[in-house]
Amino acid sequence: MMILFFGIRPGKTISIDLKQLKCPHCNQNDTLTGESTPNFFHLFWIPIFRVTTTQAVHCSHCKKVYYKEEFTKEMKAAF
Ligand SMILES: [Zn+2]
């Protein structure tokens, strides 16, 4: 009997430059970093196709993490 190994696994995270943006939480400039992680459908550990992309923005000053639903217009534009 053959066992199929499949599932969703994250790929390589890409950093996005958001230096021109201001953190809406602490109002600091140059503290935001965007991260985009593609999630791949894997079959036998081989990525077959991309299913979703996880996007998040971190503030190095107030440590707030913004998820896709909380992105400002400017953050969305940068991604
Ligand atoms: Zn902040």
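**Notebook: core, overall form and two polar residues**

I began with the largest nonpolar core, which has eleven residues: I16, L18, L21, C23, C26, L32, V57, C59, Y66, F71 and M75. I note at the outset that the model is predicted.

**Entry on L32.** I selected L32 from this core and listed its contacts, leaving out residues up to four places away in sequence. L32 touches L18, K19, L21, K22, C23, V57, H58, C59, Y66 and M75. Core members among these partners include L18, L21, V57 and M75.

**Entry on the fold.** I then read the secondary structure of the protein chain and found one helix and five strands. From the N terminus on, the order is β-β-β-β-β-α. I recorded β2 as 14–17 and β3 as 32–43, and strand β4 as residues 46–59.

**Entry on overall dimensions.** I looked up the radius of gyration of the protein chain, which is 16 Å, whereas a compact globule of 79 residues would have a value near 12 Å. Taken along the principal axes, the C-alpha atoms fill a box of roughly 60 × 20 × 20 Å. Of the contacts between residues at least 6 apart in sequence, I noted that 47% join residues at least 24 apart.

**Entry on surface and charge.** I found that buried residues make up 27% of the 79 residues. The accessible surface of the protein chain comes to about 5700 Å², and carbon and sulfur atoms account for 58% of it. I also looked up the charges: the chain has 10 positive and 6 negative ones, and their mean positions are 4 Å apart.

**Entry on N29.** I located N29 in the loop between β2 and β3. I classed N29 as partly exposed because its relative accessibility is 47%, and the partly exposed class lies between 20% and 50%. Leaving out residues up to four places away in sequence, N29 touches L21 and K22; L21 and K22 are also among the partners of L32. I took one distance from N29: F41 is twelve residues away in sequence and 37 Å away in space, C-alpha to C-alpha.

**Entry on Q55.** I turned last to Q55, which lies in strand β4. Its relative accessible area is 17%, so I entered Q55 as buried, the limit being under 20%. With residues up to four places away in sequence left out, Q55 touches E35, S36, Y66, Y67, K68, F71 and F79. Among these partners, I recognised Y66 and F71 as members of the largest nonpolar core.

Note on methods. Residues numbered from 1 in each chain as written. Predicted model: local features only at pLDDT ≥ 70, side-chain atom pairs only at ≥ 80, totals over all residues. Heavy atoms only, no water. Helix = DSSP H or I, 4+ residues; strand = E, 2+ residues; numbered from the N terminus. Rg over C-alpha atoms; globule rule 2.2 N^0.38 Å. Buried < 20%, exposed > 50% of the residue type's maximum accessible area, 1.4 Å probe, protein only. Contact = heavy atoms within 4.5 Å. Areas by Shrake-Rupley, 256 points an atom, 1.4 Å probe, with all protein chains shown as cover. Lys, Arg positive; Asp, Glu negative; His and termini not counted. Charge placed at Lys NZ, Arg CZ, Asp CG, Glu CD. Core = buried A, V, L, I, M, F, W, Y, C linked by side-chain atoms within 4.5 Å.
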